[in-house]
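Here are a few short exercises to work through with the structure open beside you. Try each one before you read its solution.

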Amino acid sequence: MLRSYIRGVGSYVPPRVVTNDELSRLMSTSDEWIRTRTGIVERRYADEGVLCSDLALEASQRALADAGLAPSDLDFILFATLSPDHHFPGTGCYLQAKMGTSSIGCLDVRNQCTGFLYALSAADAFIRAGVYENILVVGAEIHSSALDFTDRGRDVAVLFGDGAGAVVLSRYDGAHRGILHTELHADGRHARALCMDVWDISKKPYITRDLIDSPALWPRMDGKTVFKHAVTELIKLFQQTIARAQVRAEDIKYVIPHQANLRINQMVGEQLGLPHGKVLNNIQKYGNTTAASIPLLLDETYRAGLLEEGDLLMLLGFGSGFTWGSALLRW
Ligand SMILES: CC(C)(COP(=O)(O)OP(=O)(O)OC[C@H]1O[C@@H](n2cnc3c(N)ncnc32)[C@H](O)[C@@H]1OP(=O)(O)O)[C@@H](O)C(=O)NCCC(=O)NCCS
């Protein structure tokens, strides 16, 4: 049986730690408000001059080293981000040049907090179809340049942080390891509940002088709608994934969910009746790093020595679009 499996994993966060107290000096917020509503204690911000592809490079090199492969062993790059280096070309191309691979294909994925799972699922399909053998799947974000650090933007600004995570997905001939099942969903009717209008191609020119003072420059969110849909869809998705993959909830060692809000993940775990400790979180340290959240948490879990070969893992994501998805895999 031809499958794909995670051969190597790596992550990177920029060194600068930004606490809730630091944010409360920029806008009307508090450590207490942020902790109780979201679970976030601190996040990382990249310095001026650092690009999304720079964070991705660090994470990718660590994933390659973990896989015991060289850049020349890669056949393809899938890069998930909502904060690309530039409007075009895709950030995968910048990463490819920095890594020094040959002229392998690079595909950027624009699916926000579900971006990594969309990329992983596409990489899995390429490998199972026999097209490629080793694919680098990266999720990386620099949010800190595009947040409104005033009271107007405080609901969004406190949530997000910068970071990167990567896996090398490789061909596996056998039935004992690898990705067993993936699910991808979207509902574009809710696109306006979490979006950023800064590139409005209907405007001629698409950037106007007054944009700099307009709220369209920043991401905006209907937090309650996002919260409600995230909980509902993640619960349905978990149940659907285990039913389709024909496994039981108790067979899953860890759920590695997207990190949008600790309360979302706690509510999902409780309503599914999962035992305490099965749903993993690290949002406390990094906030929401969008496409990087899942591989970052996977890498931390792996490096903490919590994963053994054969463990069943459920990756779950939900985000802007709305988009949501899962991957069930045997480590
Ligand atoms: C953003 C979120 C934490 C807000 O929590 P909430 O309980 O819904 O809070 P509300 O939006 O009802 O706001 C309550 C009050 O806090 C205020 N507030 C918003 N952000 C604040 C902040 N950072 N600090 C202090 N007060 C804040 C609001 O203005 C509101 O004030 P009001 O009652 O005077 O109008 C929550 O809705 C959420 O996490 N949603 C999901 C977000 C998400 O997951 N996004 C990413 C998806 S991938």
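A residue counts as buried when its relative accessible area is under 20%, and as exposed when that value is over 50%. Keep in mind that the model is predicted.

**Exercise 1.** Decide for Q112 and then for Q246: buried or exposed?

*Solution.* Start by locating Q112, which is in the loop between β5 (105-109) and α5. Its relative accessibility is 15%, so Q112 counts as buried. Next, go to the loop between α7 and β11 (254-257), where Q246 is found. Here the relative accessibility is 74%, so Q246 counts as exposed. Finally, check the backbone: phi of Q112 is near 50°, a positive value in a residue other than glycine. For Q246, also not a glycine, phi is positive and near 55°.

**Exercise 2.** Find which polar atoms of W33, R37 and G223 lie by the ligand, and at what distances.

*Solution.* Take the side chains to begin with. W33 places a polar side-chain atom 3.3 Å from a nitrogen atom of the ligand. In R37, an N or O atom of the side chain is 2.8 Å from a ligand oxygen atom. Then turn to the backbone: an N or O atom of G223 lies 3.0 Å from a nitrogen atom of the ligand. As for cover, the ligand on its own has 960 Å² of accessible area, and the protein covers 73% of it.

**Exercise 3.** Describe the shell around the ligand: which element gives the most residues?

*Solution.* Begin with the site, which is the second largest pocket. The elements that give two or more residues to the shell are α2 (31-38), α6 (154-157), α7 (223-245) and β12 (312-319). Of the elements, α7 gives the most, with 4 residues. Now count: 22 residues surround the ligand, and T29, K224 and N261 are among the closest. By type, the shell has 10 nonpolar, 8 polar and 4 charged residues.

**Exercise 4.** Work out where T301 lies and which backbone oxygen its side chain meets.

*Solution.* T301 belongs to helix α10 (residues 293-303). With a relative accessibility of 4%, T301 counts as buried. A polar atom of its side chain lies 2.6 Å from the backbone oxygen of L297.

**Exercise 5.** Locate the cis peptide bonds that lead into P205 and F322.

*Solution.* The bond joining K204 and P205 is cis, with omega about 0°, and P205 is in the loop between β9 (194-195) and β10 (220-221). G321 and F322 are also joined by a cis peptide bond, with omega about -20°. F322 sits in the loop between β12 and β13 (323-330).

Terms used:
Residues numbered from 1 in each chain as written. Predicted model: local features only at pLDDT ≥ 70, side-chain atom pairs only at ≥ 80, totals over all residues. Heavy atoms only, no water. Near = heavy atom within 4 Å. Polar contact = N/O pair within 3.5 Å; in protein donor to acceptor, adjacent residues only side chain to side chain. Areas by Shrake-Rupley, 256 points an atom, 1.4 Å probe, with all protein chains shown as cover. 1 Å grid on protein atoms, 1.4 Å probe; cavity = no way out; pocket = protein on both sides within 12 Å on 5 of 7 lines; lining within 4 Å. Sits in = over half its atoms within 2 Å of the grid points. Nonpolar A, V, L, I, M, F, W, Y, C, P; charged D, E, K, R; others polar. Buried < 20%, exposed > 50% of the residue type's maximum accessible area, 1.4 Å probe, protein only.
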